[in-house]
Amino acid sequence: MVNRERGYTVMELTIAVAVVAMLAGAALSGGTAHFATVGRAYDELRTSEVAADRLEMVSAADAAPVPGERTFVVPAGMSGSERVRVVEPGLYEVRVRVTKPGARPAELTTLLARGEYR
């Protein structure tokens with residue numbers, strides 16, 4: 001007697017489903033990792049922009065910066081601080097730091113000359 005039934009066995013279907021599930025899992029995990037990296041890069045870009053804006057604002061002021069450490073207003077979810085130090089009379093070091101959870105902090109430093117300096 002010849003068996004002419006067609007179709008797949010339970011074992012063949014189980015293996016096929018397992019292979020498809022592994023391929024789908026690999027594809028989905030690779031895609032989400034990319035989105036996390038893009039999000040982190042965007043956050044780091046934003047912190048750098050905020051730090052550069054603050055440094056430009058301090059540099060554009062006509063008056064000499066006040067020595068010391070202070071915080072400044074930044075967009076929601078970030079924190080910003082600046083430190084002004086007198087290097088010598090009329091020469092100031094200004095350091096601006098902006099942080100956001102999950103991103104590397106942006107820290108920029110410049111020297112400003114104001115008033116009489118030698």
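The chain contains one helix and four strands, and the model shown here is predicted. Followed along the sequence, these elements appear in the pattern α-β-β-β-β. With the whole chain displayed, note that 21% of its 118 residues count as buried. Its accessible surface comes to about 8800 Å², and 61% of that area belongs to carbon and sulfur atoms.

**First selection: helix α1**

Select residues 10-60, which make up helix α1. Then highlight Met11, Ile15, Val19, Met22 and Leu23, and display the surface: together they make a nonpolar patch of about 550 Å². Pause at Val19, a residue of helix α1. Val19 counts as partly exposed because its relative accessibility is 38%, a value in between the limits of 20% for buried and 50% for exposed.

**Second selection: Glu44**

Move along to Glu44, which also lies in helix α1. Which residues does Glu44 contact, leaving aside its neighbours within four places in sequence? They are Ala103 and Arg104. Show the side chains of Glu44 and Arg104 to find a polar contact between them, at 3.4 Å.

**Third selection: strands β3 and β4**

Now select residues 91-99 for strand β3 and residues 106-113 for strand β4. The two strands run antiparallel and are joined by eight bridges. One pair to locate is Leu91 with its bridge partner in β4, Ala113. The strands form a hairpin with six residues between them. In the turn, select Gly102, whose phi is positive, at about 90 degrees.

**Final view: the whole chain**

Return to the full chain and consider contacts between residues at least 6 apart in sequence: 44% of these join residues at least 24 apart.

Methods: Residues are numbered from 1 along each chain as its sequence is written. This is a predicted model: local features need pLDDT of at least 70, side-chain atom pairs count only at pLDDT 80 or more; totals for chains, interfaces and linings use all residues. Side-chain values use heavy atoms; hydrogens and water are left out. A polar contact is a pair of N or O atoms within 3.5 Å; within protein, one must be able to donate a hydrogen and the other to accept it, and residues adjacent in sequence count only if both atoms are side-chain atoms. Contact means heavy atoms within 4.5 Å. Patches are made of residues with over 30% relative accessible area and no salt bridge: like charges are joined within 9 Å, nonpolar side chains (Val, Leu, Ile, Met, Phe, Trp, Tyr) within 5 Å. Accessible areas come from the Shrake-Rupley method with a 1.4 Å probe; for residues, only the protein chains shown count as cover. A salt bridge is a side-chain nitrogen of Lys or Arg within 4 Å of a carboxyl oxygen of Asp or Glu. Buried means under 20% relative accessible area, exposed over 50%, partly exposed in between (1.4 Å probe, protein chains only). Two strands pair if DSSP finds at least two bridges between them.
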